[in-house]
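Reader: I'd like to go through the labels on this one and hear what backs each of them. Could you take me through it?

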Amino acid sequence: MKQRLLVLFILATTVLCCFALDHNNELLLDSLTTSLNKLESVRKEREQMLEDLKMLRRTLEDGQEKVIIGEKLGRNYLSTNIDSAVLYLRIAQKDALTANLPDDELRIRLELYSLMPTIGVTREAVESFNAVDYESVPQSLKKNYWLSSMELYNSLQMPYPKGQYKNYYIKKRNASLDSLINYYPQSSTVGRFLEAYKYMFDGETNLAVASLAEVLKDLNEHPDLKDDAMRIICDYYKEKPSQYQTYINMLARRVMYNLNNGMARPEALATLGELLIKENHGKLGRRCISLALETSDYSYAQPYTSFDRAHYARLASDEAVSLRRTSWIWIVLLALSCIAGCCAVWILRQKLKESRLAESELRSKLESQAASSQRTNLNLISLAFSAIEQSKELHVHIFRKLKAGQVKDLYSELESGKYLQQEKDKYFTNFDSTFLSTFPDFIEKLNGLMLPGRQIPIPPAETLTPELRIAAFLKLGITDTARLSEALGLSVNTIYTYRNRLKSRLADKDHFEENLAAIL
């Protein structure tokens, strides 16, 4: 069996390689552009389909058909909004209870248990699932029981680092998968998919990827399974530099598959966009990154697929600035050439040399000022994205806590200030890396203003000490001590102490803030 799969793996790799981006570049990029252009209309079609289902459900009498429509709504929302999915599944569960359909109610309840950890309700999910008496579960729902068990424990193990708890949940997940496989024929599409998952859980990644590549073409009727299979294959090739083109190809196909189904996966889009920019397809790459940045992923996979939005905001901005800079350089050079040509007719050679020297000095000064302005704007853009993302995370966190009835836990978190401190730490981590990527020589140039032997020690990469962070804010023009105190969570006296300590180190104390602002 393993030998056959190894052969299939080699064949699958060969098939994927023949579609690699370097051999089929134009066709693939044209298809990606088409998918991006069609996304809005496909989304509208998907939204209309959901509205039609909602309207149909409202017209139905209590009964199994009404339950099925509610369940279908919930499952359709799984790919885009986990909260809406849980809401409609709970509505379907209530409809099943009203219509006295115990098997339907149990089936939906089991599915809800598996989804609860993804919305932050973990303990209740485990306790409720463990309360289900397996012996009393009808034979027709045994498969649903083990599917719920596998998904529940798989979600539970993801956030844990290696150790006792992670190993415990992995063991429970693997046992559930072993039981689940028995309910699917080996030749069925889902059975083959689950067999690939078993290989992956057992650490046989090559066999898992080979099996997924083989079953991929048959998963069109299971869009979430197909997307998951493509994600696993992408992750596999991402770690293999020799298969770089194959990786780009599969990643692009995954992005297009989701776009054609009316969904944008931000992490995949951003990753593809960065690779396309590296491959000299900057316009298309920036378009993918822009779509990723403006799209929020509230699907069942969201808690485990976050990505660094600030990094991609900087990348997109850098590319745009580079293009604008190139265009303006050509315009300025053309204008200067015309001026120089005209001057040559009526001015002496010495005057022409002086004029060129003056123009060169002016151009250097303008470029320096433009670079400073661009860096400041980039800093603001990146931090704005970071603040927006943190605001969204706080909104979702509070909403889910309230929705789960965990008001006391939420009050305790907010009263202790722990959550706010975590958000501040996250924000300043983004601020430090963004600022230092925009002004990479800031600390060295700041030390250049210091007296001999009074330089500030350089901290670890991409981090700032509180003293350096205050200097960074002063460099950006934020000099109000009260605002600095509130933003940094330090007392006004502490801010004054750090500022005076900085000033005492300087060779030119009278022009402290002017010299800081002049650092490029």
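**Labels and their cut-offs**

Author: Sure. The disulfide count comes to zero, by the rule that a disulfide is a pair of cysteine sulfur atoms within 2.5 Å. This is a predicted model, where local features need pLDDT of at least 70, side-chain atom pairs count only at pLDDT 80 or more, and totals for chains, interfaces and linings use all residues. Residues are numbered from 1 along each chain as its sequence is written, and side-chain values use heavy atoms, with hydrogens and water left out.

Reader: Why is Cys 288 called buried or exposed, whichever it is?

Author: Buried means under 20% relative accessible area, exposed over 50%, and partly exposed in between (1.4 Å probe, protein chains only). Cys 288 has 0%, so buried it is. Cys 234, with 4%, also gets the buried label.

Reader: And what makes Val 126 buried?

Author: Its relative accessibility is 17%, so Val 126 counts as buried. Val 126 sits in helix α6 (residues 123-130); helices here are DSSP runs of H or I, at least four residues.

Reader: How do you know that the span of helix α12 agrees with what is expected?

Author: The expected span is 1.5 Å times one less than the number of residues. For the 17 residues of α12 (residues 244-260) that gives 24 Å, and the end C-alpha atoms are 24 Å apart, so the two agree. Just after α12, Gly 262 has a positive phi of about 80 degrees.

Reader: What makes α14 mostly covered?

Author: Nine of its 12 residues are buried, among them Gly 282, Cys 288 and Leu 293.

Notes:
Helices (H or I, at least four residues) and strands (E, at least two) are DSSP runs, numbered from the N terminus.
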